[in-house]
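Colleague: Could you take me through this model, one side-chain contact at a time, and give the reasoning behind each answer?

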Amino acid sequence: MPFDDVLAERIRIAFHTYPETLRSDITEKKMFGGLAFLLKGKMTIGIIGDELVVRVVEEKMEDMLTIESVRAMDFTKKPMKEFIFVSQEAYQSEEELQKWIALGIEHARRKLKL
């Protein structure tokens with residue numbers, strides 16, 4: 001499944017609000033048939049089609065799943081731990097997009113113990 005190139009560029013631009021030390025550790029990788037942005041090899045946020053895929057720390061998952069435009073990532077027909085899909089309605093503004101990126105970075109930092 002192709003991914004939204006415009007959204008990918010918005011994410012790249014959004015990463016420029018972070019310090020160079022973090023930006024230099026961000027890489028892109030094709031995953032799940034889409035595109036993922038990784039921090040030191042740990043996925044933060046990605047795109048499948050026109051939806052965001054966001055890694056979320058476990059203790060925030062329950063709250064995230066109460067948001068109307070969010071659902072558990074069920075790529076394999078079984079919900080994946082600490083992954084959510086976010087529909088377009090929830091990232092229209094750059095401020096909204098930044099919120100999702102921050103959640104993904106939080107998850108990666110926790111896993112990396114940064």
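Modeller: A salt bridge is taken here as a side-chain nitrogen of Lys or Arg within 4 Å of a carboxyl oxygen of Asp or Glu. Please keep in mind throughout that this is a predicted model.

Colleague: With which residue do the side chains of arginine 110 meet in a salt bridge, and how far apart are N and O?

Modeller: Arginine 110 lies in helix H4 and its partner in helix H3 (residues 58-64), 51 residues apart, so that the pair links distant parts of the chain. Since the cut-off is 4 Å, the contact qualifies as a salt bridge, and the partner and N to O distance are glutamate 59 and 2.6 Å.

Colleague: Is glutamate 59 buried or exposed?

Modeller: Arginine 110, on the other side of the bridge, is partly exposed, with a relative accessible area of 42%. Exposed means over 50% relative accessible area, and because glutamate 59 has 51%, the residue counts as exposed.

Colleague: How many residues does helix H4 have, and what span does H4 reach from its first C-alpha to its last?

Modeller: Helix H4 covers residues 94-112, and at 1.5 Å a residue a span of 27 Å would be expected. Just after H4, lysine 113 takes a positive phi of about 60 degrees. The helix itself comes close to the expected value, with 19 residues and a reach of 26 Å.

Colleague: Which residue of H4 has a lysine over the face of its ring?

Modeller: The buried residues of H4 include Leu97, Trp100, Ile101, Gly104, Ile105 and Ala108. An α-helix has 3.6 residues a turn, so residues three or four places apart point the same way. Lysine 99 is placed at 4.3 Å from a ring centre, and the ring whose face it lies over is that of tryptophan 100.

Colleague: With which residue does arginine 71 form a salt bridge whose closest N and O atoms are 2.9 Å apart?

Modeller: Arginine 71 sits in strand E5 (residues 70-72), and its partner, 20 residues apart from it, sits in strand E4 (residues 51-55). Arginine 71 is partly exposed at 37% relative accessible area, whereas the partner, at 17%, counts as buried. The partner is glutamate 51.

Colleague: What is the N to O distance in the salt bridge of aspartate 74 and arginine 71?

Modeller: Aspartate 74 is partly exposed, with a relative accessible area of 33%. Proline 79, which touches Asp74 along with Ala72 and Met73, lies in the loop between E5 and strand E6 (83-86) and is exposed at 56%. In the bridge of aspartate 74 with arginine 71, the N to O distance is 3.2 Å.

Colleague: Why is the pair of phenylalanine 15 and tyrosine 18 described as it is, and what is that description?

Modeller: The count of aromatic pairs comes to 3. Planes under 30 degrees apart count as stacked, over 60 as edge-to-face and the rest as tilted. The rings of phenylalanine 15 and tyrosine 18 have their centres 6.1 Å apart and their planes at 50 degrees, so the description is tilted.

Colleague: Which residues form one aromatic cluster?

Modeller: Phenylalanine 15 is buried at 4% relative accessible area, and tyrosine 18 counts as buried at 16%. Phenylalanine 15 also forms a tilted pair with phenylalanine 37, at 5.8 Å centre to centre and 40 degrees between the planes; this pair links helix H1 (residues 5-15) with strand E2 (residues 34-39), 22 residues apart. The cluster therefore consists, given the pairing rule of centres within 6.5 Å, of Phe15, Tyr18 and Phe37.

Colleague: Which backbone oxygen does the side chain of threonine 44 reach, and at what distance?

Modeller: Threonine 44 has its place in strand E3 (residues 42-48) and, at 0% relative accessibility, counts as buried. Among the residues that threonine 44 touches are Phe15, Phe37, Val53 and, from further along the sequence, Gly104, Ile105 and Ala108, three residues that are buried in H4. The backbone oxygen reached by the side chain of threonine 44 belongs to phenylalanine 37, at 2.7 Å.

How values were computed: Residues numbered from 1 in each chain as written. Predicted model: local features only at pLDDT ≥ 70, side-chain atom pairs only at ≥ 80, totals over all residues. Heavy atoms only, no water. Helix = DSSP H or I, 4+ residues; strand = E, 2+ residues; numbered from the N terminus. Expected span 1.5 Å × (residues − 1). Buried < 20%, exposed > 50% of the residue type's maximum accessible area, 1.4 Å probe, protein only. Phe/Tyr/Trp six-rings, centres within 6.5 Å; stacked < 30°, edge-to-face > 60°. Lys NZ or Arg CZ within 6 Å of the ring centre and 35° of its normal. Polar contact = N/O pair within 3.5 Å; in protein donor to acceptor, adjacent residues only side chain to side chain. Contact = heavy atoms within 4.5 Å.
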